[in-house]
Amino acid sequence: MTTSAAHREECHDARRILTQTLPITKGKKLMALTIAVDPLRPDDWPTVRRIYEEGIATKQATFETSPPNWETWDAHHVPTCRFVARTPTGQVLGWAALSRVSDRDVYAGVAEVSIYISQGARGQGIGHQLLGTLIEASEAAGFWTLTAGIFPENAASLHLHLSHGFRVVGHRERIGRMERTWRDVLFLERRSRRVEWSDATMDQLATKVPCDIRRATSADAPAMLEYLRRLLSDKTLFLPSAADDFTVTVTDEQEVIKRHENRPNAVMLVAIATDGTIAGLWDAMGSPRRARRHAVEFGMSVDERFRGRGLGSALLAAGLDWARRSGFIRRVELEVYADNLPAIALYEKFGFVVEGRKREAFLYQGRPMDSLVMARFLEANERKTFQ
């Protein structure tokens, strides 16, 4: 492979980074049981303690090795923000509570979430109901930020929190030891849009991001390189390389953009912010072979400044609209890290389905990671050619 070819491949791989970190805001209604969410009472403690012990036993919920006594637990959790999920017969199936992260006044509105579901009641939507109630109570009590620390392996807990507006803001590597094994922890946050926000700020957040989504041109190459370098410097994302490894030149990028312009089943869409910088990217390319030209693979990313404001959805909608307008593209596919739950949830919202899993397909910070193959088919009545 020549140096120029290596540069082009590196540039193409960097643009195809699947780094969609936008939180979703609504969880799926999975309730199969009739339960009520009630305030946690002192006499609930024996069952709450047992459920806590079940969570500890999984070794995927907490670094704790045993529950505290009632007095200690009660002293460390906010009295107005502790709930249990109870059946009509009074059986407690789960609990959720908040603990303050600091005694300092500046952090008075910041609390950490704890949520545990009984082993026999998991996967039935109880966590969604508990967490939803806890969030409402936290906002009524004046908490503006909720945090959570979750092991990356605890996919169910990650999906639960992400579906209620939490987002991953950090990856703490080898932060603690469990039985002589170092464990990573993902740090999540949820910022309330009701507490301690001015009307003007809320109006701004409710407004669609003022970005112009259009095809990239050769003139965008310098801005594109700056955008990719910003992405590769973001340590919170699922990236295959680092900014120091990025050696693509403006000429390399212009060549790639030109290839996208010259192929009917390829497109590079950029979201241009009001300051002229690139805020997001949707990059798709299909095979030149006639038997495969109807299928395109894409990658998508959003700049950190614009996450959580709907730009990812706007880019994905624009990309699918381009595919429909082609008149012949039938399949839109992607490959995404299996741990990138916010991205997976967004793609599922747009009708993508998981078709397969590639084991240890990537190395992320030296750790092998699986990837998922997802695809969405465009039916004949969706595909249309515009004059």
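Buried means under 20% relative accessible area, exposed means over 50%, and partly exposed lies in between. These cut-offs serve the exercises below. The model is predicted.

**Exercise 1. Classify the two partners of the Arg86–Asp38 salt bridge as buried, partly exposed or exposed.**

Solution.
1. Start with Asp38. Its relative accessibility is 26%. That value falls between the cut-offs of 20% and 50%, so Asp38 counts as partly exposed.
2. Now take Arg86. Its relative accessible area is 9%. The cut-off for buried is under 20%, so Arg86 is buried.
3. Check the bridge itself. The closest N and O atoms of Arg86 and Asp38 are 3.2 Å apart. A salt bridge needs a side-chain nitrogen of Lys or Arg within 4 Å of a carboxyl oxygen of Asp or Glu.
4. Place the pair. Arg86 sits in strand 2 (residues 82-86) and Asp38 in strand 1 (residues 36-39). They are 48 residues apart, and the pair links distant parts of the chain.
5. Widen the view. Arg86 and Asp38 belong to a network of salt bridges that also holds Arg41, Asp43 and Asp44.

**Exercise 2. Work through two further salt bridges, Arg82 with Asp74 and Lys358 with Glu335. In each, which partner is buried?**

Solution.
1. The side chains of Arg82 and Asp74 meet at 2.6 Å, N to O.
2. Arg82 has a relative accessible area of 6%, so Arg82 is buried. Asp74, at 30%, counts as partly exposed.
3. For Lys358 and Glu335, the closest N and O atoms are 3.3 Å apart.
4. Lys358 lies in strand 13 (residues 353-364) and Glu335 in strand 12 (residues 331-337). The two are 23 residues apart in sequence, so the bridge ties those parts together.
5. Lys358 is partly exposed at 40%. Glu335 is buried at 15%. Here the acid is the buried partner; in the Arg82–Asp74 pair, the buried partner is the arginine.
6. For context, a search of the whole structure finds 21 salt bridges.

**Exercise 3. Test helix 7 for length, then say where its buried residues lie.**

Solution.
1. Helix 7 covers residues 221-232. At 1.5 Å a residue, its 12 residues should span 16 Å.
2. The end C-alpha atoms of helix 7 are 17 Å apart, which agrees.
3. List the buried residues of helix 7: Ala221, Met224, Leu225, Tyr227, Leu228, Leu231 and Leu232.
4. Look down the axis. These residues fall within an arc of 160 degrees, so they line one face of helix 7.
5. The spacing follows a general rule. An α-helix has 3.6 residues a turn, so residues three or four places apart point the same way.
6. Take one member of the face. Met224 has 0% relative accessibility and counts as buried.

**Exercise 4. Repeat the test on helix 8, then describe the surroundings of Ile257.**

Solution.
1. Helix 8 (residues 250-261) has 12 residues. Its first and last C-alpha atoms are 16 Å apart, close to the 16 Å expected.
2. Its buried residues are Asp252, Glu253, Val256, Ile257 and His260.
3. Down the axis they fall within an arc of 135 degrees, so they line one face of helix 8.
4. Ile257 lies in helix 8. At 1% relative accessibility, Ile257 counts as buried.
5. Leave aside neighbours within four places in sequence. Ile257 then contacts Ala216, Thr217, Ser218, Ala221 and Met268.
6. Ala221 is 36 residues from Ile257 in sequence, yet their C-alpha atoms are 7.8 Å apart.
7. Add a second distance. Met224 and Gln254 are 30 residues apart along the chain, with their C-alpha atoms separated by 9.7 Å.

**Exercise 5. Where is Val106, and which nonpolar patch does it help make?**

Solution.
1. Val106 is in the loop between strand 3 (92-100) and strand 4 (110-117).
2. Its relative accessible area is 53%, so Val106 is exposed.
3. Val106 joins Val101 and Tyr107 in a nonpolar surface patch of about 270 Å².

**Exercise 6. Summarise the whole chain: how many helices and strands, and what share of residues is buried?**

Solution.
1. The chain has 10 helices and 14 strands.
2. Of its 387 residues, 49% count as buried.
3. The chain exposes about 19,300 Å², and carbon and sulfur atoms supply 49% of that area.
4. Consider contacts with a separation of 6 or more. Residues 24 or more positions apart account for 68% of them.

Definitions and conventions. Residues are numbered from 1 along each chain as its sequence is written. This is a predicted model: local features need pLDDT of at least 70, side-chain atom pairs count only at pLDDT 80 or more; totals for chains, interfaces and linings use all residues. Side-chain values use heavy atoms; hydrogens and water are left out. Helices (H or I, at least four residues) and strands (E, at least two) are DSSP runs, numbered from the N terminus. Buried means under 20% relative accessible area, exposed over 50%, partly exposed in between (1.4 Å probe, protein chains only). Contact means heavy atoms within 4.5 Å. Accessible areas come from the Shrake-Rupley method with a 1.4 Å probe; for residues, only the protein chains shown count as cover. The expected span of a helix is 1.5 Å times one less than its number of residues. The arc is that of the directions from the helix axis to the C-beta atoms. Patches are made of residues with over 30% relative accessible area and no salt bridge: like charges are joined within 9 Å, nonpolar side chains (Val, Leu, Ile, Met, Phe, Trp, Tyr) within 5 Å.
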